[in-house]
Amino acid sequence: MGTRFTTRLRDAVLSIDNQEALKCEKATSNSLYTPLYSSGKYRWMKVMESDGTLVAWRPVNGGDGRQPTQTTHLMFGVVIQSEDATSQVKANPLGKAFLTKISTGIFVDLRDGTRCRIDNLLVVFVLPKGAEARRQKTFARAKKYVTNTAALVDDVVAIEVARGASAEDIKTVIVEEIRPFLFGAGRPKSET
C-alpha cells in the first residue's frame, strides 16, 4: 500500500493521461518490460512497476534524404516514480534511473493490445518536500540520493512537490516539467 502522497501522485498522472489536449497514448498498466535472451530465445521480463507511465507518439518530419512515404513516429515515454518512502538506500533510485540504459529497451503495453518500445525515455523522481521534525534526517537522505542520481544519469530528473499538495497541484508541476519532452522541444524543462 502506498502513502497518501503516492496515491495523490498516481491520481495526478491519471489526470494527465486523460487530458485530451496532451494526446497521451493509453497504457494498460504501469508495468515495464524488456526482452531477455535465455536458453536460445528471447522472452519478456518485467523490469519494474512504475508509479506512473505516460507515453506519446511524436512524428519525424523533414531533414536529410528522401522522405519516407509514410510518416515515421517515435514513442516518447515518461516513467514517474514517487520517492516518498523508498529512497533510503542509494540502490533504489539508481536502479530506477538505469532504466534508460537497458540496451534491449523498455516496452509498455498499450490499450490497443500491442507492446511497444519506448524510443526516448525520461525517468522523473517526484520527491515530497518537507517532513515533520522526527523525519527530517530521513527526508534529507532521500533527497540527497534522488538528486545525486538525477545528476549522475542522463534522462533522469528530480522534482520536489509540497508533501501536502493536492493531485491537481502535483499534476501542474509534473506537466510543467515534462511537456517539452513529451510534446514539445524534446528536453525536460529543467534541462532547457
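In this predicted model, helix α1 covers residues 4–18, and because a rise of 1.5 Å a residue gives an expected span of 21 Å for its 15 residues, the separation of 21 Å between its end C-alpha atoms agrees with that expectation. The residues of α1 that count as buried are Phe5, Thr6, Leu9, Ala12, Val13, Ile16 and Asp17. These buried residues cover an arc of only 140 degrees around the axis, which means that they lie on the same side of α1. The elements that cover them include the strands β3, β4, β7 and β8 (156–162), together with the helix α4 (167–183).

The helix belongs to a protein with 4 helices and 8 strands, which follow one another along the sequence in the pattern α-β-β-β-β-α-β-β-β-α-β-α. The protein has 192 residues, of which 41% count as buried, and its accessible surface comes to about 10400 Å², with 51% of that area belonging to carbon and sulfur atoms. When contacts between residues at least 6 apart in sequence are considered, 67% of them join residues at least 24 apart.

The strands that help to cover α1 also make up an open sheet of 4 strands, in which the order is β3-β4-β7-β8 and the pairing is mixed. Strands β3 and β8 stand at the edges of this sheet, and because each has a single partner strand, one side of each is left without a neighbour in the sheet. On average, and with direction ignored, neighbouring strands of this sheet are turned by 25 degrees against each other. Helix α1 packs on the sheet and touches β3, β4, β7 and β8, while its direction makes about 160 degrees with that of β4.

The pairings can be followed across the sheet from β3 to β8. Strand β3 (residues 52–60) runs antiparallel to β4, to which it is joined by 9 bridges, and within this pair Ala56 stands opposite Phe76 of β4. Strand β4 (residues 72–82) is mostly covered, since 8 of its 11 residues are buried. With strand β7 (residues 120–129), β4 pairs in the parallel sense over 7 bridges. Several facing positions illustrate this pairing: Ile80 stands opposite Val124 in β7, Gln81 has Phe125 of β7 as its bridge partner, and Ser82 stands opposite Val126 in β7.

Strand β7 has 8 of its 10 residues buried and is therefore largely enclosed by the rest of the structure. The pairing of β7 with β8 is again in the parallel sense and extends over 7 bridges, with Glu160 of β8 serving as the bridge partner of Leu127.

Outside this sheet, individual loop residues were examined for their surroundings and backbone angles. Leu110 is placed in the loop between β5 (107–109) and β6 (115–117), and because its relative accessibility is 3%, whereas burial requires a value under 20%, Leu110 counts as buried. When residues up to four places away in sequence are not counted, Leu110 touches Glu25, Lys26, Ala27, Thr28, Val55, Trp57, Met75 and Cys116. One of these contacts, Lys26, is 84 residues from Leu110 along the chain, yet the C-alpha atoms of the two residues are separated by 5.8 Å.

A contrasting environment is found for Ser39, which lies in the loop between β1 (31–38) and β2 (41–49). Because the relative accessibility of Ser39 is 73% and the cut-off for exposure is over 50%, Ser39 counts as exposed. Although Ser39 is not a glycine, its phi is positive, at about 55 degrees. A positive phi, near 60 degrees, also occurs in Asp155, likewise a residue other than glycine. Asp155 is found in the loop between α3 (136–152) and β8, the latter being one of the edge strands of the sheet described above.

Key:
Residues are numbered from 1 along each chain as its sequence is written. This is a predicted model: local features need pLDDT of at least 70, side-chain atom pairs count only at pLDDT 80 or more; totals for chains, interfaces and linings use all residues. Side-chain values use heavy atoms; hydrogens and water are left out. Helices (H or I, at least four residues) and strands (E, at least two) are DSSP runs, numbered from the N terminus. Buried means under 20% relative accessible area, exposed over 50%, partly exposed in between (1.4 Å probe, protein chains only). Contact means heavy atoms within 4.5 Å. Accessible areas come from the Shrake-Rupley method with a 1.4 Å probe; for residues, only the protein chains shown count as cover. Two strands pair if DSSP finds at least two bridges between them. The expected span of a helix is 1.5 Å times one less than its number of residues. The arc is that of the directions from the helix axis to the C-beta atoms. Axes are lines fitted to C-alpha atoms, for helices over the stretch in contact, and angles run from 0 to 180 degrees between N-to-C directions.
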